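Here is a short note to go with the structure you have just opened. Please keep the viewer at hand and look up each place as it comes along.

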Amino acid sequence: MRIAFLLVLVVCCVRVQAAEPPLPEKIEFNRDVRPILSDNCFFCHGNDPHQRKADLRLDLRDDAVAKQAITPGKPDASSLVARILSTDKDELMPPPASRKQLTPRQKEILKQWVAEGAGYEKHWSFEPPRRAALPMVKTPSWVRNPIDAFVLAELERAGLQPAPEADRRTLARRLSLDLTGLPPTPAEVEAFVNDKSPEAYESLVARWMKTSQWGEHRGRYWLDAARYGDTHGIHHDAYREIWPYRDWVIAAFNRNQRFDEFTVEQIAGDLLPNPTREQLIATGFHRCNITTAEGGTIADENLAMYANDRVTTTSWVWLGLTANCAACHDHKFDPITQRDFYSMAAYFRNTTQGAMDGNVKDTKPVIYLPPAADEKRFTELPKLIADATTALTARRREALKAADAWASSVKPSELGITAKPLAETEQKQLDNSRAFSVAARIKASASLKDGTLATGGDGWELVVQGKKFALRVASPDGKTNSLVISRRDILAPGKTQHLLATHDPKRGLRLYVDGLETESDRKEKQPPAKGAADGIDVQDVRVYAVAITKGDARSLSDEPALLTALGVEPAKRAATQKNSLIDFYFRSVDEPARELAVQIDELTNEETAIRGRSIVTHVQEEKPGEAMANVLMRGAYDKVGEKVTPASFSSLHAMPTDAPKNRLGLARWLVADENPLMARVTVNRFWQELFGTGLVRTAEDFGSQGERPVNQALLDWLAVEFRESGWDVKKLFTLMVTSATYRQASLTTPEKLARDPQNRLLSRGPRFRMDAEMIRDYALAVSGSLSLKMGGPGTKPYQPSNIWEVVGLHGARYTQDHGENLYRRTIYNFWKRQSPSPNMEVFNAPTREVCTVRRERTNTPLQALVTLNDPQFVEAARRLAEAVLKEHADSTGAIDTIARRVLLRPLGSDETKIVAQTATALEAEFTTHPERAQALLKVGESKVDETLPAPRLASLTMVASQLLNLDEALNK
């Protein structure tokens, strides 16, 4: 048996080898030779000098000829040919240790190429795209637009014919899913089926492109590329408020913003002249990268990581190049040097973003988006504060002599703030209904332990948590507690510090350290501290029955220094002592200055209050001065090499000499007509969205290791068309979906499966499993559950309640939403990177820790477990059953309506018989076991219609679930 098996294997191998296509009549370097050299030779004989062997480059013709690896026209005199044909394992190339081996056909191609003169070509993707003339075809009547001419020419060359046009129901479903991400309604399908006008299809395209769902669907793909998420991604993986960027992306697609403008605003919207709020929000693209606040990380390493991510993402999204391969060394396959990589990194290292995200929602730089009622006042406040500050500066100049005179004559007893500290008995009467302040001087030790610093009984307490400090305030009835805690670590062991916490019922809680206000966060429902703090010396605790102003906060902190200054004769005082007394004079003594300071304080507090109730979103902000970076040897943050200034990749089109050396210059370089890649790369991804696979399958890699386009003439024609149309996204999609290529039925034949197994030549219509978000939205839509409300914070649908607790430091608890938020479109679901939704992840949704321009598509049993058992899908099936039962008392009518809503077509007679038998058997089962029906119907939070018979509702719920789980429903 074993011998027979081996004989069969040998015969099969011989047949496979014999079936290899004949050599081309004329060898083309890019088509025939480059893939062989790139896969087998460039690693050791390519662009990277550190990896290069024998000082030989095969990626450059002159080098290869000079080294006599190639003697054009003379294969027998070429060492390359001799080495690939050698039988000596020490001479053979590729060497056996590389585990690479050329096929006989590949060897013949290289030999014939040398014989023909060994012509080289620039890599196809680095040549500018050109609009080729439409090819002649044998069946011009099939051609609806230029796309079809290019596709049909390739099909005819392969001896294939296109499939017939899909039926109208299939077309309507396909088109709706591709343009909106949602299925059409049965009424929309039937209207199209019955519309006999010649423009019926084009009208449907235009109508669905005008819906808001168009932008949501296009935006979903873009958010993968932008690595958008609602959390930082590392360490705590805490909440990051950046959802206005997600909403901006959706709005940009809905208004059909030119794609070049869409690009520029995301790379450098903040650097445009007088940028609008929307252009600032757009710069959130490069604030979506993962960040950290982990104590063990190193600031320089984090900043290097952020810049690396931004170069990598920019290259994948707009250039289709794996520039990340050049972070540690020159790219081994493409002409991108390590210097190129870090020269581009210089653009991104010149922003004000810090190395640590603080585990807070609003890591600077951010902008605030106030409620509509506050917007006018929020716009006015900066000028009012600036005017008052200017007036205060003028008053200080005007009254400087009076301040000097006062400092020379003042007595220590005359220092202090107006308010007097409360007695200890009065301190216990305070709660959040009254204004009050607590101050103390502390000196922490390295062995500091959390606990209370000072307390007024149940009403309030000053506490330390780690190296942060906080004030907890209780309601008068003691039932609720609010706590404001310093955002960052502020306690410095071994150093005496002055802490002040102040509460005002109107302005809220604020914290000061050494007289300066510190950023803080408010938390509700916080329990009291467990015992007194340990390892800390607490002195001079004072409690006031007023909210201390900023000026008085500084005076309280400076009091010891002021008393020391007064103990020195005026003529002998140091400059710092003189200045501290003069500052005190203007804060506390000079009435005009004091009034202005109070005014500034009140205006600033008002601005802070509006910010507190505003939406926040992360943006980019340029540092002043020249941008620069250093080459990092082997990519290590601490192996700093030569300094480089901002520059684009040297192997591509030149940066204009007048371009600014900042991100705006880079953005305009990306969208320049001379860029051979951007239009191609973008068009290819849009094609991938419709047809499942791009004309270049490796959407992220248009370089030597990427796949050559299956139809380069078509790709280039589309790229030029897109650019010359004014980067019009809707026009491009209209062109693609109105083509005969797109409108084909997805029927295949044995011949097509043999010659075009993956449908790369488009010998039939596209058919593939929908993405994770579409599958969930589909179930919600056909059940009538889907909410079309747009925008806003991330929603939290059904998930296991402890799903967040096992990831990140001090894992947060997942708190599920209720009501409408359970049924919003999936694009609005909260995206926690360390714990993505299971029903998304199982259908290959990325974590979005890094840019993704091409999702994987797998088929596993776990996917069936989700669509059969996830509460979202079970509830959707039940709500669909409820809806149809209200229309049809009998099961036959209900089954037909379920099919029309799920499959968008009526069932055939055989199908109806099978489904009806299933429904009858299930109803009998649920009648016999009513508890099983009740258990099924209780899944989900929506209320069950008790007027409907439970056994029938349960049986139709199962029928709806079965139809939702058909390939016909899960595939596009």
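The points below go from the whole chain to single residues.

1. **The model as a whole.** Please bear in mind that this is a predicted model. The protein chain has 972 residues, and 53% of them are buried. DSSP runs give 36 helices and 14 strands. If you would like a feeling for the dimensions, the C-alpha trace spans about 105 × 85 × 60 Å along its principal axes.

2. **Contacts along the chain.** Of the contacts with a separation of 6 or more, 71% join residues that are 24 or more positions apart.

3. **The nonpolar core.** Which residues have the most contacts inside the largest nonpolar core? They are W222, Y245, F259 and L718, in a core of 164 residues. In soluble globular proteins, nonpolar side chains tend to be buried together. Y245 is a good one to click on: with neighbours up to four places away in sequence left out, its contacts include W222, L223, A226 and Y228. Further along the sequence, Y245 is also in contact with Q266, I281, A282, G284, F285, C288 and T617.

4. **The second largest pocket.** This pocket holds about 960 Å³ of space. It is lined by 41 residues, and Q688, F691, G692, T693 and R857 are the closest to its centre. Two elements give two or more residues to the lining, namely α11 (212-225) and α24 (678-691). The largest share, six residues, comes from α24. Sorted by class, the lining has 16 nonpolar, nine polar and 16 charged residues.

5. **Helix α28.** Why can this helix be called largely enclosed by the rest of the structure? The helix covers residues 772-782, and 10 of its 11 residues are buried, so the rest of the structure largely encloses it. Among the buried residues are A772, M774, I775, A779, L780 and V782. The list of buried residues also includes E773, R776 and D777. After α28 comes G784, which has a positive phi near 80 degrees.

6. **Q353.** Look for this residue in the loop between α16 (338-348) and β1 (366-369). Is Q353 buried or exposed? Its relative accessibility is 9%, and buried means under 20%, so Q353 counts as buried. The side chains of Q353 and R310 are joined by a polar contact of 2.6 Å. Beyond its neighbours within four places in sequence, Q353 is in contact with R310 and also with R287, T291, L303, Y306, K364 and P365.

7. **K122.** Another loop residue, K122, sits between α6 (104-115) and α7 (146-157). Its relative accessible area is 44%, which makes K122 partly exposed. Although 93 residues separate K122 from F29 in sequence, the two are 9.0 Å apart in space, C-alpha to C-alpha. Leaving out residues up to four places away, K122 touches N30, R34 and E127.

8. **N971.** Finally, please go to the segment after α36 (967-970), where N971 lies. With a relative accessible area of 11%, N971 is buried, because that value falls under the 20% limit. Which residues does N971 touch, not counting those up to four places away in sequence? They are R173, R767, F768, R769 and M770.

Technical notes: Residues are numbered from 1 along each chain as its sequence is written. This is a predicted model: local features need pLDDT of at least 70, side-chain atom pairs count only at pLDDT 80 or more; totals for chains, interfaces and linings use all residues. Side-chain values use heavy atoms; hydrogens and water are left out. Helices (H or I, at least four residues) and strands (E, at least two) are DSSP runs, numbered from the N terminus. Buried means under 20% relative accessible area, exposed over 50%, partly exposed in between (1.4 Å probe, protein chains only). A polar contact is a pair of N or O atoms within 3.5 Å; within protein, one must be able to donate a hydrogen and the other to accept it, and residues adjacent in sequence count only if both atoms are side-chain atoms. Contact means heavy atoms within 4.5 Å. A nonpolar core is a set of buried Ala, Val, Leu, Ile, Met, Phe, Trp, Tyr and Cys residues joined through side-chain atoms within 4.5 Å. On a 1 Å grid over the protein atoms alone, a cavity is a set of points where a 1.4 Å probe fits but cannot get out, and a pocket is an open set with protein on both sides within 12 Å along at least five of seven lines; lining residues have an atom within 4 Å of a point. Grid points are joined across faces, edges and corners, and a volume is the space filled by probe spheres set on the points. Ala, Val, Leu, Ile, Met, Phe, Trp, Tyr, Cys and Pro count as nonpolar, Asp, Glu, Lys and Arg as charged, and the others, Gly among them, as polar.
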